[in-house]
Amino acid sequence: QELTPQRLTEDRRYDQRICGMHKELLEKVRAAADDIGSLDDLCTRLAASIQSRLQNDSSQVGVIVGRAFGKPSWAVTTGSDPEVVVWLIVDPLDVDSKQVTFVRSSGKTATFDLLYRVCSI
């Protein structure tokens with residue numbers, strides 16, 4: 001199945017939280033937006049960074065980049081059924097660019113706190 005925000009929102013196994021996207025990450029996403037290779041590299045590095053933050057290399061992680069509506073610009077996963085997915089919503093206005101974090105595993109509150117406004121890649 002394709003990894004989309006709509007599918008994650010409809011999947012009752014996931015809880016979600018939304019916050020503003022970290023400015024440094026937003027700048028990197030915007031710089032990579034016009035080149036699929038750069039966007040894939042950024043998403044892959046962010047997924048690896050999230051795995052590292054979770055301190056569990058076996059955790060399946062996904063990263064989605066796109067607008068609030070419509071098909072995502074790009075998505076990567078480290079497995080077929082990710083436990084954590086970060087959806088980066090890019091908007092022309094910085095204040096409207098958001099990070100939505102979906103978490104399926106136990107210990108959800110700690111995971112949300114750990115990934116709040118993630119920026120390191």
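1. Let me start with tyrosine 14 and phenylalanine 102, both of which are buried in this predicted model. A search of the whole structure turns up one aromatic pair. The ring centres of tyrosine 14 and phenylalanine 102 lie 6.4 Å apart with the planes at 90°, so the pair is edge-to-face. Tyrosine 14 sits in the loop between α1 and β1, while phenylalanine 102 belongs to strand β5, so the pair ties together parts that are 88 residues apart in sequence.

2. On to the nonpolar cores. The largest has 22 residues, and Val29, Leu46, Ile50, Val63, Val65 and Leu88 are the ones that touch the most other members. Two or more residues come from each of α2, α3 (36-54), β2 (61-66) and β4, and the largest share, seven residues, is supplied by α3. Apart from this core lies another one of nine residues, including Leu8, Tyr14, Val85 and Val100. As general background, nonpolar side chains in soluble globular proteins tend to be buried together.

3. If you want one residue to look at in the largest core, try isoleucine 50, which is among the members with the most core neighbours. Leaving aside residues up to four places away in sequence, isoleucine 50 touches Val61, Val63, Val84, Val86 and Leu115.

4. How much of strand β2 is buried? Six of its six residues are. The covering applies to both faces: Val61, Val63 and Val65 are buried on one side, and Gly62, Ile64 and Gly66 are buried on the other.

5. β2 also has strand partners to consider. With β4, β2 pairs in the parallel sense over six bridges, and glycine 62 has valine 85 of β4 as its bridge partner. That valine is also listed in the nine-residue core. With β3, β2 runs antiparallel and is joined by four bridges; here isoleucine 64 stands opposite alanine 75.

6. Next, the charged side chains. How many salt bridges does the structure hold? There are eight. One of them joins arginine 13 to aspartate 81, at 3.0 Å from N to O. Arginine 13 is in the loop between α1 (5-10) and β1 (15-20), and aspartate 81 is in the loop between β3 (74-77) and β4 (84-89), so the contact ties together parts 68 residues apart in sequence. Both partners are partly exposed, with relative accessibility of 36% for arginine 13 and 25% for aspartate 81. The two also belong to a wider network of salt bridges, in which Asp11, Arg13, Asp81 and Arg104 are linked.

7. Helix α2 brings in another salt bridge, between lysine 23 and aspartate 94, again given as 3.0 Å, N to O. This pair links distant parts of the chain: lysine 23 is in α2 (residues 23-32), aspartate 94 is in the loop between β4 and β5 (98-103), and they are 71 residues apart. Lysine 23 is partly exposed at 47% relative accessibility, and aspartate 94 is partly exposed at 36%.

8. A local counterpart is found inside α2, where the side chains of lysine 28 and glutamate 24 form a salt bridge at 3.4 Å, N to O. Why are these two about one helical turn apart? Because lysine 28 and glutamate 24 are four residues apart in helix α2. Both count as partly exposed, lysine 28 with a relative accessible area of 29% and glutamate 24 with 38%.

9. Finally, leucine 26 is a useful residue to inspect in helix α2. Is leucine 26 buried or exposed? Leucine 26 is buried, because its relative accessible area is 2%, which falls under the 20% cut-off. Setting aside residues up to four places away in sequence, leucine 26 touches Met21, Val90, Asp94 and Ser97. Of these, Asp94 is also the salt-bridge partner of lysine 23. Leucine 26 and serine 97 are 71 residues apart in sequence, while their C-alpha atoms are 7.6 Å apart in space.

How values were computed
Residues are numbered from 1 along each chain as its sequence is written. This is a predicted model: local features need pLDDT of at least 70, side-chain atom pairs count only at pLDDT 80 or more; totals for chains, interfaces and linings use all residues. Side-chain values use heavy atoms; hydrogens and water are left out. A salt bridge is a side-chain nitrogen of Lys or Arg within 4 Å of a carboxyl oxygen of Asp or Glu. Buried means under 20% relative accessible area, exposed over 50%, partly exposed in between (1.4 Å probe, protein chains only). A nonpolar core is a set of buried Ala, Val, Leu, Ile, Met, Phe, Trp, Tyr and Cys residues joined through side-chain atoms within 4.5 Å. Contact means heavy atoms within 4.5 Å. Rings of Phe, Tyr and Trp (its six-membered ring) pair if their centres lie within 6.5 Å; planes under 30 degrees apart count as stacked, over 60 as edge-to-face and the rest as tilted. Two strands pair if DSSP finds at least two bridges between them.
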